[in-house]
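Thank you all for coming; I would like to take a few minutes to walk through one structure, going slowly enough that everyone can follow along on the screen.

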Amino acid sequence: MASTIPIVTLLIVMLSCHAANAQLSPNFYASSCPNLQTIVRNAMSRAVNRETRIGASILRLFFHDCFVNGCDGSILLDDTATFTGEKNAVPNRNSARGLEVIDTIKTNVEAACSATVSCADILALAARDGVALLGGPTWQVPLGRRDARTASQSAANNQIPSPFANLATLTSSFAAKGLSTRDLTALSGGHTIGLARCTTFRGRIYNDTNIDANFAATRRANCPASGGDNNLAPLDIQTPTRFDNDYFRNLVARRGLLHSDQELFNGGSQDALVRTYSNNPATFSADFAAAMVRMGNISPLTGTQGEIRRNCRVVN
Ligand code: HEM
């Protein structure tokens with residue numbers, strides 16, 4: 001008897017530790033929704049075939065989900081009477097895209113396995129597939145996140161980094177999420193795909209001095225000093241629909257589009273890593289994939305926390 005008590009105690013401690021540190025797992029839905037990965041992949045493949053940019057837009061949605069109270073699908077919630085959601089926060093208003101694609105995937109997933117898979121996990125898988133479909137790396141996505149029951153516009157305004165930020169500020173906003181400066185630089189390589197609005201890079205092309213003159217002139221042609229706020233330009237001037245390492249080659253040539261992009265190669269601590277990525281696509285791919293998993297692990301809701309939303313736009 002004396003020896004069973006410690007064993008029981010040990011078991012209770014082990015179980016409670018497990019709950020506290022509940023880990024995500026790539027096999028989380030292996031038996032509850034065995035076709036999940038195929039369903040997401042097929043829908044993403046159709047969406048990217050329709051519009052290549054969607055892969056970029058969904059990658060960014062995932063980043064903006066994870067940086068606001070963890071990867072909990074909060075960005076997908078519409079505003080309600082009780083909370084103002086994240087969709088209209090400054091970094092997302094007139095800019096967050098791809099929400100309808102997530103709705104379509106959710107509908108398809110619900111048809112196959114109802115009330116089982118979170119919107120947060122669907123977004124994590126869709127982001128991975130968007131990158132892969134545009135020629136980037138792939139990785140196993142740890143799963144088992146649950147969905148938030150609320151969203152925070154002020155957290156979105158405060159925690160998503162600004163394109164006007166300097167390296168120190170970017171570093172501290174990533175550190176606040178448990179991500180290193182190497183993760184910052186690798187993940188910024190997401191800007192090898194997609195587009196940005198004039199309003200996000202006007203200051204850079206008119207005021208910055210660490211910019212290639214021809215590049216600045218090209219960008220000014222479609223982004224006037226005033227007006228044209230929503231005019232678009234590619235974040236990677238070479239291959240905006242191909243996930244490759246050209247983003248880093250651009251930075252070395254002082255052709256980063258956003259002020260925050262060029263901060264990674266401006267005589268500071270990340271110059272060497274930017275050069276490495278610009279010369280070694282395989283190193284960039286491996287670091288990007290590993291950093292995406294780390295970003296996807298930011299404060300997930302697990303176990304009995306949160307819920308499995310039926311409709312990604314509204315709390316159950
Ligand atoms: C390091 C700090 C970051 C800043 C300051 C930043 C800022 C921005 C801005 C201002 C835009 C253009 C938005 C618009 O025109 O409305 C943009 C687009 C984009 N960002 Fe970032 N970003 C950062 C990090 C990331 C990360 C970590 C990822 C993903 C891993 C990412 C992926 C994207 C993608 C793919 C687009 C293009 C979206 C589209 O075409 O719809 N960004 N980012």
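Which residues of helix H7, residues 167-175, are buried? Please keep in mind, while you look, that this is a predicted model. The buried residues of H7 are Leu167, Leu170, Thr171 and Phe174, and they sit on the same side of the helix because they cover an arc of only 100° around its axis. That spacing fits a general rule, which is that an α-helix has 3.6 residues a turn, so residues three or four places apart point the same way. As for what covers the buried residues of H7, the list includes helix H8, residues 181-188, and helix H12, residues 259-262.

Helix H8 also leads us to the ligand, since H8, helix H3 (53-66) and strand E1 (195-197) each supply at least two residues of the shell around it. In total, 27 residues surround the ligand, and the closest are Ser57, Ser95, Gly190, Gly194 and Ala196. The largest share of this shell comes from H3, with 6 residues. If we sort the shell by chemistry, we find 14 nonpolar residues, 9 polar ones and 4 charged ones. Domain 1 (25-160) and domain 2 (167-294) each contribute at least three residues to the shell around the ligand.

Finally, a word on the annotation: an unreviewed UniProt entry places "domain: Plant heme peroxidase family profile" on residues 23-316. In the model, that span is 46% helix and 2% strand, and its end C-alpha atoms lie 24 Å apart.

Methods
Residues are numbered from 1 along each chain as its sequence is written. This is a predicted model: local features need pLDDT of at least 70, side-chain atom pairs count only at pLDDT 80 or more; totals for chains, interfaces and linings use all residues. UniProt positions are given in the numbering used here, feature names are shortened, and annotations may be inferred rather than shown by experiment. Helices (H or I, at least four residues) and strands (E, at least two) are DSSP runs, numbered from the N terminus. A residue is buried if 20 or more other C-beta atoms lie within 10 Å of its own, exposed if 12 or fewer, and partly exposed in between; C-beta atoms are placed from the backbone. The arc is that of the directions from the helix axis to the C-beta atoms. Two residues are in contact if their C-beta atoms, placed from the backbone, lie within 7 Å. A residue is near a molecule or strand if its C-beta atom, placed from the backbone, lies within 6 Å of it. Ala, Val, Leu, Ile, Met, Phe, Trp, Tyr, Cys and Pro count as nonpolar, Asp, Glu, Lys and Arg as charged, and the others, Gly among them, as polar. Domain bounds come from an automatic or database domain assignment.
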